[in-house]
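Open the model in your viewer and keep the sequence panel visible. The tour moves from one selection to the next.

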Amino acid sequence: MTLTAFVLIFFSVFLHAAWNTISKSVKPSMAFYLIMTVTATLIWLPFLIFGKWNPFDMPPRFWLLILFSSVGEVFYMLGLAHAYSKSDISLVYPVARALPVLMVPAVTLLLGLGSKTPAWNAYLGMLVITVGCLVMPLKKFSDFSLKPYCNAVIGFIVLAAVGTTTYTIIDSISVGMVQEQMGRKNILDIFSLMFFVEGGLSLGELLVVAFDRKERRLLKTLLFRSLSPELAGICSSCAYALVLLAMGYVSNVSYLQAFRQMSLPVGFFAGLLILKEKGTAPKYVGMFLIFAGLVSVALG
């Protein structure tokens, strides 16, 4: 991983933790996320209009990737909304972010993606990160069994993790296609691509909200009473724009997915300090393991 990619990811993690904290502080819902992503879509529209990248020159395969990326994003948002409504961000956020650390390299290896295979200590670090986050759902270490993981919250967390894995891998391919077409690595091209990333997600969320009476009611309430979704949208979109830009500076997207977990302690302590959630020994030990895993990935 290059220094440029590291710096981009470093700033993105704070923005990512920020929008998750905002959404958790308000009642999380797909209606909230719809307003959030529509806001993000509008942010990137000017870059598409005035930029040099012409999306209509892209092959049909590109648009198919955008479609599947949008499906992955919707799964992520659905899982996140339901998990946040049932549990603490200091639990949901780390675990949902940890599982893709193993899922992404597994899929990239299976599909032969990436020009460089991570070293053994990088894989060890990814495993340690995941173990650390799997410890976190325990109220105490003596509770370790399958029971703490066999519930709706864990199910929705897994859904969010599958969605994250899907759109991370697909979007890395889309970024490569745009850069190949333009013959350069340019931030304005990535910002133009963000319009379709956020726009596709907005359409998917709109379908979910349209067929859910409760979500439609929440949408009307949020539109006129809160600016939280718009603020979350700014943080979310800027965070992922930095991630997409960083994709052009890594040899394997698995490294990028692992380093994005630097947001875990930020989200964890935001839950404890800002939202006043309860800290437990397994949660703190889990965060230590996450840091140790990140160091191992860096050395790899």
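Select Ile 157 and show its surroundings, ignoring neighbours within four places in sequence: the residues in contact with Ile 157 are Ala 83, Val 92, Val 95, Ala 96 and Leu 99. Bear in mind that this is a predicted model.

Next, add Trp 19 and Tyr 33 to the selection. Together with Ile 157, these residues touch the most other members of the largest nonpolar core, which has 79 residues.

Now select residues 60–86, helix 3, and residues 152–182, helix 6. The axes of this pair lie 7 Å apart, and the packing angle is about 155°. Angles over 145 degrees count as roughly antiparallel, so helix 3 and helix 6 are roughly antiparallel to each other. Their crossing is left-handed. Colour the contact between helix 3 and helix 6 by residue class: 19 residues are nonpolar, eight are polar and four are charged.

Keep helix 3 and swap helix 6 for helix 2, residues 30–50. Here the axes of helix 2 and helix 3 come within 9 Å and cross at roughly 130°. Helix 2 and helix 3 are therefore oblique to each other, and helix 2 passes helix 3 in a right-handed crossing.

Which residues of helix 2 and helix 3 meet? Show side chains for Met 30, Tyr 33, Met 36 and Thr 37 on the helix 2 side, and for Met 77, Leu 78, Leu 80, Ala 81 and Tyr 84 on the helix 3 side. By class, this contact of helix 2 with helix 3 has eight nonpolar residues, one polar residue and no charged residues.

Technical notes. Residues numbered from 1 in each chain as written. Predicted model: local features only at pLDDT ≥ 70, side-chain atom pairs only at ≥ 80, totals over all residues. Heavy atoms only, no water. Axes fitted to C-alpha atoms, helices over the stretch in contact; angles between N-to-C directions. Helix = DSSP H or I, 4+ residues; strand = E, 2+ residues; numbered from the N terminus. Parallel < 35°, antiparallel > 145°, perpendicular 65-115°, else oblique. Left-handed = near helix turned anticlockwise from the far one by under 90°. Nonpolar A, V, L, I, M, F, W, Y, C, P; charged D, E, K, R; others polar. Contact = heavy atoms within 4.5 Å. Core = buried A, V, L, I, M, F, W, Y, C linked by side-chain atoms within 4.5 Å. Buried < 20%, exposed > 50% of the residue type's maximum accessible area, 1.4 Å probe, protein only.
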